[in-house]
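Open your viewer, get a selection box ready, and follow along stop by stop.

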Amino acid sequence: MRARRAIAFAFAAFFLAACQANAPAPSRRYVALVSKTTTNAFWKYVYAGANVAATEYNLALTMDGPENEKNYVAQNKLVEKAVADGAEAIVFSAIDYNASAKTIQEAVKKGVKIIVIDSDVNSDQVSCRIGTDNYAAGCMAAKAAMGCEEGVLNIGIVNIDKNTENGQQREQGFRDEIAKDMRVAMVQTVNAMEGEEEALEKTKQLLLDYPGINVLVGLNEWTGLGISDAVEELGLAEKTLVVAFDNNVRCIRRLESGEVDALIVQNSFAMGYLGIESAYKLLKGGTLPERINTDITLITRENMYDEDCQKVLFMFD
Amino acid sequence: MKRRHRPELSLALIMSGMVVLIVVISIFLAFEIFMGLYENSMKESAITSSEQAIGQVAKTIAKYTDNISLIMEEIQNGISNGEEDFANLLDTRPDIVAITMYDESGRLTGCWAGEYELKKSVAKNLSYMEIPQGSRDLNISKPHIESLFVGEYPWVVTIAQDAMINSGEWVRISLDIRFSEIANYMDGVGIGQHGYCFIMDKEGNVIYHPKQQLLYFKVKEENTETLQLLADGSHTESNVIYTIRSLENCDWRIVGVCSVDEVITAKVRYTLRLLGALLLLVLLTASISGGVFARIFSNPVKILVKAMGKFEENAEEFQFTPVRGTSEVAALSDSFGHMVVNMQKLVERIRQEEVFLRKTELNALQSQINPHFLYNTLDSVSWMCEEGRNKDAAFMVNTLARLFRISISKGHDLIPIEKELQHAECYLQIQKFRYKNQFNYSIEADPECLSYYCNKIMLQPMIENAIYHGLDRMVDEGAILIRIFWEGKDIVMEVEDNGIGMTPQQCEDILQIERKERKVSGDQIGIGIKNVHDRIRIYFGEPYGIVIESEEDVGTKVIIRIPAIKEGEL
């Protein structure tokens, strides 16, 4: 009798366990992506990658960013809103290295996991940092700039906001690397904060102030665009070597037509994909490496139609 | 007894261990068999569904490529008819990005691309394919970027074929086809839960993959290098089923990928979880049942074992209380109970028989004393009567009567020492008459000893021995001294004579040698002493009995040691 009762008990327990195991999964987990802005191609690709990962891992995903890369206040508000909406993880790219630190700390305090992509924030609570090795990207830009055949290099840099971490890293890498070239006579930096038009204006001013400039470097997508606009406008394509970032179609066109001479293409799609995938892994209780570096590729007119470069340069849609 | 101290496995532990072991083994066996069957059937069904899906995909893609070759034919016909405008074609087929035409030297001679604006200078024309001149096959390129147009960079594949125009020259026609139609179709193909299919060419280049972007940006990988080597059909590699089928009209191959383990490992994990729960439960029930088992079986057995141990130590006084428990234990207990009772009965019977035997023997011994003495005494009395010594004869007969009265003592074995002493004195008096005062005797008895008991007729054989063997052959007047005194808690009776004495060897022989042997040797010395010694030993055991001290020509001292016994103590 005892044995029979024990068996019956065991079966009951299994059925309970089985029911529990077959219970429907809880509603989808919510991950928010807060970008620096929403308008340019870089972020379009990041979003595309994030979307693919969100579909693959069945996550609820919202993606948003301020209208330009100056407005860190709006960006902080977006983070706060995501936290308030119940995001379990936020994939974040900081406009301002320091100004968003407090907001991020607050979010972490509420149990939200933070994953940084592209540009870092001043916080030790970030679970994982994913993106380009910006210093190396700066070095790569410098090497492209050294391709200029002039005897003296007068270099103008158009960089983004001084408070943005990745821009500063890239400039540091660039300056450290370019210093190795004895031909360099001058390296001047201007900072544009709002976007393409400002970059265009700042470039024109720079060229006015220093007419000898023969190398122009834009350290992100829209500063590059601004520079190429200025070069086109002023007809300096022949005279000036332009190094820009990322694979905006306009930049690619200008690479072909000569206004731009080299592009440092970041793997923005992978940043988005890996950002969301990492968030998923974190929420599942997994561990992540402190940093994941995504690829950068130097694209020039010569190699842009190489098989591997095509894959990096042109979005498959 | 030592066995019990050795570390032993308790029965309950062994039982629970065995139950757990059996359950675990059977679960694992069942699990293995079930999983084996399950996995196989899952794999088979996965392969079947994968092959079906791939077959369908291949059919559709083949239809698409057939369609493309039809268009190609149409273009060729148009060209041979001198028609040189394919704008309409482009309108009806949105998947065709551009139609380009090249002369024999590879120079671009015609381009139709709808709205797209041809670049003024084309840095690198990716739509131009090197194919064997005059090839009538459908040559399909790897995916590439359309590099002919201003500001537009769609991914396309180029299909090229040579055609003869009226002038007899070869022209090469290239169709740039975008993936949209194939993509829409391929993205929708699912195999199992997470399976998908993609197109590669014979060299292992991915033509279209639902996750092309992930492949291009190196987020995902598809191991086409090994896949390219595989023949058509289904291949299972580390839980992934690849189903490959080549298209007939071009060098494309359709690859279906579905992972077995996604489906199966989920089930395995679930089953493992169940198994874990089951094992826990089994362990729990086993320990509980072990406890229960111990209570209902093991513990009673332990009690029984203890009882048996006690019985082993002291069988006679053991009291058995039946042990309660299961029918087996109860049966054991009952049997043991019966056995105890039987054994105790047996032991008791053996003891009684032994006592009876001894008593019989004693009686026989006692009755050995009399005949010669009686004959001699009656002879003496007869002589006295004849001589007219009536008074003496009367004393003699009275004394003899007293002697016999005491020796009978109503059949009691033990009599007070006082009586025994009287008995001895009667005997001495009679013998003194018979030996005509050849010896003297004296008695020194501690009065406190007299009320204690002793075996009857103990002193008489000693005295008899002293007279016959010690004094009889003496020339001088003999003397016999009887002493009774305390020595420690024991009472000692001594009969001492000053007769011829014995050698130490003789002394020893008297007490050692059995009667039977003595009869053979014909030596009659000390039969009585040996009898007394044996009787004391039977009654009181060691160290009581007789010790003889003797020296030749000096005398003999017989020492009898008995415990102090009061009436009714034995």
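How exposed is R389(B)? Select R389(B) to begin: its relative accessibility is 31%, so R389(B) counts as partly exposed, a class that lies between buried (under 20% relative accessible area) and exposed (over 50%), using a 1.4 Å probe and protein chains only. Add E387(B) to the selection and you will see a salt bridge to R389(B), the closest N and O atoms being 3.1 Å apart. Here a salt bridge is a side-chain nitrogen of Lys or Arg within 4 Å of a carboxyl oxygen of Asp or Glu.

A word on the setup before moving on. This is a predicted model, in which local features need pLDDT of at least 70 and side-chain atom pairs count only at pLDDT 80 or more, while totals for chains, interfaces and linings use all residues. Residues are numbered from 1 along each chain as its sequence is written, chains are lettered from A and ligands numbered from 1 in the order in which they are written, and side-chain values use heavy atoms, with hydrogens and water left out.

**More salt bridges**

Over all chains, the salt-bridge count comes to 34. For one of them, select E232(A) and R254(A), whose side chains meet with an N to O distance of 2.7 Å. E232(A) sits in helix α8 (residues 221-234) of chain A and R254(A) in helix α9 (residues 249-257) of chain A, so this pair ties together parts 22 residues apart in sequence. Helices here are DSSP runs (H or I, at least four residues) and strands likewise (E, at least two), numbered from the N terminus. E232(A) is partly exposed at 43% relative accessibility, whereas R254(A) is buried at 10%. Now widen the selection to E196(A), D229(A) and R250(A): together with E232(A) and R254(A), they are linked in a network of salt bridges.

Next, go to chain B and pick D162(B) and R172(B), a salt bridge with its closest N and O atoms 2.8 Å apart. D162(B) belongs to strand β5 (residues 155-164) of chain B and R172(B) to strand β6 (residues 170-178) of chain B, so the pair links distant parts of the chain, 10 residues apart. Both D162(B) and R172(B) are buried.

**Two helices with a buried side**

Return to chain A and select helix α4 (residues 101-109), where A101(A), T103(A), I104(A), A107(A) and V108(A) are buried. They span an arc of only 165 degrees around the axis, which puts them on the same side of α4(A); the arc is that of the directions from the helix axis to the C-beta atoms. Turn to the face away from the buried side and you meet the exposed residues K102(A) and K109(A).

In chain B, try helix α12 (residues 504-512), with C507(B), I510(B) and L511(B) buried. Their arc around the axis is only 85 degrees, so they lie on the same side of α12(B).

**Last stop: a loop**

Which class does K489(B) fall into, buried or exposed? Look in the loop between β15 (478-487) and β16 (490-497) of chain B: K489(B) is exposed, with a relative accessible area of 74%. Finish by adding I562(B), which is 73 residues from K489(B) along the chain, with 9.4 Å between their C-alpha atoms.
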